[in-house]
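Biologist: I'm new to this one and would like to look closely at a single part before anything else. Could you take me through it slowly, and then show me what sits around it?

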Amino acid sequence: MNHTPIVSARGLSRHYALGRETVAALSEADLDVMQGDFLILQGPSGSGKTTLINLLGLLDNPDSGSILLDGVNAASLSDDARADARRDRFGFIFQNFNLIPVLSAGENVAYPMLLKHTAADAMQKRAQELLAAVGLADKAGVRPDLLSGGQRQRVAIARALANAPGVIFADEPTANLDSHTADTILDLMQRLNRERGVAFVIATHDLNLMEQYDARRLVLHQGRLHIYE
Ligand code: ADP
Ligand code: MG
């Protein structure tokens with residue numbers, strides 16, 4: 001077990017200008033994402049979940065505070081190095097699935113590997129293995145518009161795993177799904193977490209959801225993070 005956090009955040013703050021006002025979207029957040037973590041980030045709409053995930057995932061920069069990536073200060077990385085880190089070490093899952101509509105399920109899963117110049121046969125083999133792991137072995141040639149919401153999110157999960165990341169950030173991954181489908185998606189994420197050791201950080205505004213999962217829970221209120229170990 002590696003005890004260096006994959007991502008370590010200290011004193012993260014992010015403000016947004018809104019006309020003459022300033023909104024403190026996130027204030028002084030401290031958080032370590034460890035190898036194999038299953039972390040549920042709860043909080044009402046507007047509490048700062050997306051802001052925090054975007055900072056941890058190097059999609060945005062804090063106004064103050066620091067982020068270490070495997071012990072390396074993210075602020076010291078070039079834009080290219082940050083993009084490589086996102087591609088190679090993180091996976092992302094979104095509420096609206098964000099699949100590429102003109103690509104098949106298999107091509108969507110392969111896409112992050114294509115960005116990494118993976119050899120075609122290795123890429124196809126891994127895309128097929130990942131589709132099988134999310135229960136969609138028979139959908140490789142199907143475009144997203146012919147899939148259900150739950151199936152689309154499974155494709156997105158397979159895509160997030162493509163480059164074998166250390167952590168997958170999922171921002172309200174079940175918000176567009178019915179409650180039964182939401183449960184199957186969360187069950188799948190917990191199984192992949194256990195089987196593959198990939199960490200998950202899952203944001204949700206649904207405070208009742210996910211009580212049954214074995215997780216480390218964080219709660220955001222008005223940009224302030226509370227950690228319940
Ligand atoms: P959540 O994901 O929990 O709903 P967000 O992180 O999206 O919360 O937003 C936190 C706060 O920051 C909210 O008050 C929101 O209105 C504000 N905010 C988020 N993004 C922007 C933006 N691009 N411009 C201005 N305010 C923003
Ligand atoms: Mg959000």
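Which strands does helix H6 (residues 179-196) lie across, and at about what angle does it run to S8?

Modeller: Keep in mind that this is a predicted model. Helix H6 lies across four strands: S3 (38-42), S6, S7 and S8 (199-204). Against S8, the helix runs at about 155 degrees.

To see where those strands belong, step back to the sheet. It is an open sheet of six strands, and reading across it you get S6-S7-S8-S3-S9-S10. The pairing is mixed. In general, strands of a sheet pair through backbone hydrogen bonds, and they can do that in a parallel or an antiparallel way. At the two edges you'll find S6 (90-94) and S10 (224-228), each of which pairs on one side only. Neighbouring strands here are turned by 20 degrees against each other on average, if you ignore direction.

Helix H5 (residues 149-160) also packs on this sheet. That helix touches S6 and S7 (167-171), and its direction makes about 165 degrees with that of S6. So much for the helices; now follow the sheet over to S10. Strand S9 (residues 216-221) pairs with S10 over five bridges, in the antiparallel sense. If you want one pair to click on, try Leu220, whose bridge partner in S10 is Leu225.

There's another sheet to find. This one is open too, with four strands in the order S2-S1-S4-S5 and antiparallel pairing. Its edge strands are S2 and S5 (72-73), each pairing on one side only. S1 and S2 are joined by nine bridges, and they make a hairpin with two residues between them. In that turn, Gly19 has a positive phi of about 60 degrees. Close by in the hairpin, Leu18 has Glu21 of S2 as its bridge partner. On its other side, S1 pairs with S4 (residues 64-69), antiparallel and over five bridges. There, Val7 stands opposite Leu69 in S4. Helix H1 packs on this sheet, touching S1, S2 and S4, and its direction makes about 125 degrees with that of S1.

That helix and hairpin bring us to ligand 1. Three elements give two or more residues to the shell around it: S1 (7-18), S2 (21-33) and H1 (49-56). The largest share, three residues, comes from H1. Among the residues around ligand 1 are Tyr16, Leu18, Val23, Ala25, Gly48 and Thr51. By type, the shell divides into five nonpolar residues, six polar ones and one charged.

A few atoms are worth zooming in on. A polar side-chain atom of Lys49 lies 2.8 Å from an oxygen atom of ligand 1. For Thr50, an N or O atom in the side chain is 2.9 Å from a ligand oxygen. Ser47 takes part through its backbone instead, with an N or O atom 3.2 Å from an oxygen of ligand 1. As for cover, ligand 1 taken alone exposes 560 Å², and the protein buries 64% of that.

Notes:
Residues numbered from 1 in each chain as written. Chains lettered and ligands numbered in written order. Predicted model: local features only at pLDDT ≥ 70, side-chain atom pairs only at ≥ 80, totals over all residues. Heavy atoms only, no water. Pairing = 2+ DSSP bridges. Axes fitted to C-alpha atoms, helices over the stretch in contact; angles between N-to-C directions. Contact = heavy atoms within 4.5 Å. Near = heavy atom within 4 Å. Polar contact = N/O pair within 3.5 Å; in protein donor to acceptor, adjacent residues only side chain to side chain. Areas by Shrake-Rupley, 256 points an atom, 1.4 Å probe, with all protein chains shown as cover. Nonpolar A, V, L, I, M, F, W, Y, C, P; charged D, E, K, R; others polar.
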